[in-house]
Amino acid sequence: MERLITTTVAEPAATSPGNPSVERSEERANLVRRGRRLEYFTIAWNLLEGLVAILSGLIAGSIALVGIGFDSLIEVTSGAALLWRLSIDVNEEKLERIEAITLRIVGLCFIAIAIYVSYDSITSLLRREEPERSVLGIILATVSLIVMPLLARAKRRVARGINSGAMFADARQTDFCLYLSAILLGGLLLNALLGWWWADPIAAIVMVPIIGKEGVDALRGKTCCDEAGCH
């Protein structure tokens with residue numbers, strides 16, 4: 001898995017000396033193609049993760065697992081929006097408008113995740129719903145902890161290369177998938193080993209303000225663009 005993503009984000013091959021504008025155009029086209037491959041991978045992974053999480057969550061009676069499944073389905077929407085944005089990257093007249101629309105779609109996905117996690121966590125606390133042991137859920141969360149950092153890093157590299165705020169926002173959403181997977185894994189393990197049934201919903205509630213802020217910033221057109229200086 002790491003080899004696949006690392007290959008995808010390898011630095012573009014040096015072009016032969018020539019017209020600088022042509023070389024920049026070719027480099028950007030390569031980055032856009034890598035971005036599209038990353039989004040196809042994101043969609044395929046989250047469809048698989050969502051299906052496995054929802055099914056295993058229903059079997060184990062774990063709302064946390066079901067929540068991760070719905071989060072994965074929301075990320076499919078974000079990935080599809082980014083594919084749309086990348087498909088028109090060469091059309092400079094439409095690029096700025098599509099970038100803004102895509103950023104808002106990603107922002108709405110953040111807000112949807114925050115609302116769902118809030119409701120899910122508060123409900124779990126009030127009802128004292130304890131997630132049961134789920135070996136499949138633990139495996140899924142562990143694999144996600146390995147895949148998501150690599151995928152997020154790959155997206156940020158492409159985002160810096162094409163100066164895309166929407167791509168940065170999508171990378172942040174991938175980061176949150178990592179955080180939620182860590183929360184899920186911690187909750188399942190703490191409940192199974194120590195009987196701390198409340199660990200999962202409490203940790204999820206702590207994440208809600210952070211997720212919500214990212215959503216609001218994306219809706220306002222703001223992104224944490226690292227050192228790229230995108231907008």
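## A walk through a helical chain

Let's start in the middle of things: leaving aside residues up to four places away in sequence, Ile211 touches Phe110, Ile113, Ala114, Phe176 and Leu180. Here a contact means heavy atoms within 4.5 Å. What you're looking at is a predicted model, in which local features need pLDDT of at least 70 and side-chain atom pairs count only at pLDDT 80 or more, while totals for chains, interfaces and linings use all residues. Residues are numbered from 1 along each chain as its sequence is written, and side-chain values use heavy atoms, with hydrogens and water left out.

Now step back. The chain has seven helices and zero strands, so from the N terminus on it reads α-α-α-α-α-α-α, where helices (H or I, at least four residues) and strands (E, at least two) are DSSP runs numbered from the N terminus. Of the contacts with a separation of 6 or more, 78% are between residues 24 or more positions apart. For one case, take Leu38 in helix 2: its C-alpha atom is 7.1 Å from that of Lys155, although the two residues are 117 apart along the chain.

What share of the 231 residues counts as buried? The figure is 49%, with buried meaning under 20% relative accessible area, exposed over 50%, and partly exposed in between (1.4 Å probe, protein chains only). Leu38 is buried because its relative accessibility is 2%, under the 20% limit.

In soluble globular proteins, nonpolar side chains tend to be buried together. In this chain, the largest nonpolar core has 45 residues, and Met148, Leu180, Leu184 and Ile211 have the most contacts inside it. Helix 2 (20–60), helix 3 (63–87), helix 4, helix 5 (135–162), helix 6 and helix 7 each give this core two or more residues. Helix 6 supplies the largest share, twelve residues. A nonpolar core, by the way, is a set of buried Ala, Val, Leu, Ile, Met, Phe, Trp, Tyr and Cys residues joined through side-chain atoms within 4.5 Å.

Next, the rings. A pair of aromatic rings is described by the distance of the centres and the angle of the planes. A search of the whole structure turns up two aromatic pairs. Phe176 and Tyr179 make an edge-to-face pair, 5.5 Å centre to centre with 80° between the planes. Both sit in helix 6, three residues apart, which is about one turn of the helix. Phe176 is buried at 2% relative accessible area, whereas Tyr179 is partly exposed at 31%. Trp196 and Trp198 have ring centres 5.6 Å apart and planes at 15°, so this pair is stacked. The rule is that rings of Phe, Tyr and Trp (its six-membered ring) pair if their centres lie within 6.5 Å; planes under 30 degrees apart count as stacked, over 60 as edge-to-face and the rest as tilted.

Both Trp residues are partly exposed, Trp196 at 38% and Trp198 at 39%. That takes us to the outside, where they join Ile122, Leu126, Leu189, Leu193, Leu194, Ile202, Ile205 and Val206 in a nonpolar surface patch of about 990 Å². Helix 4 (92–127), helix 6 (165–194) and helix 7 (199–219) each supply at least two of the patch residues. One of the members, Ile202, lies in helix 7 and is partly exposed, with a relative accessible area of 39%. Patch residues have over 30% relative accessible area and no salt bridge, and like charges are joined within 9 Å, nonpolar side chains (Val, Leu, Ile, Met, Phe, Trp, Tyr) within 5 Å. A salt bridge is a side-chain nitrogen of Lys or Arg within 4 Å of a carboxyl oxygen of Asp or Glu.

Notes: Areas by Shrake-Rupley, 256 points an atom, 1.4 Å probe, with all protein chains shown as cover.
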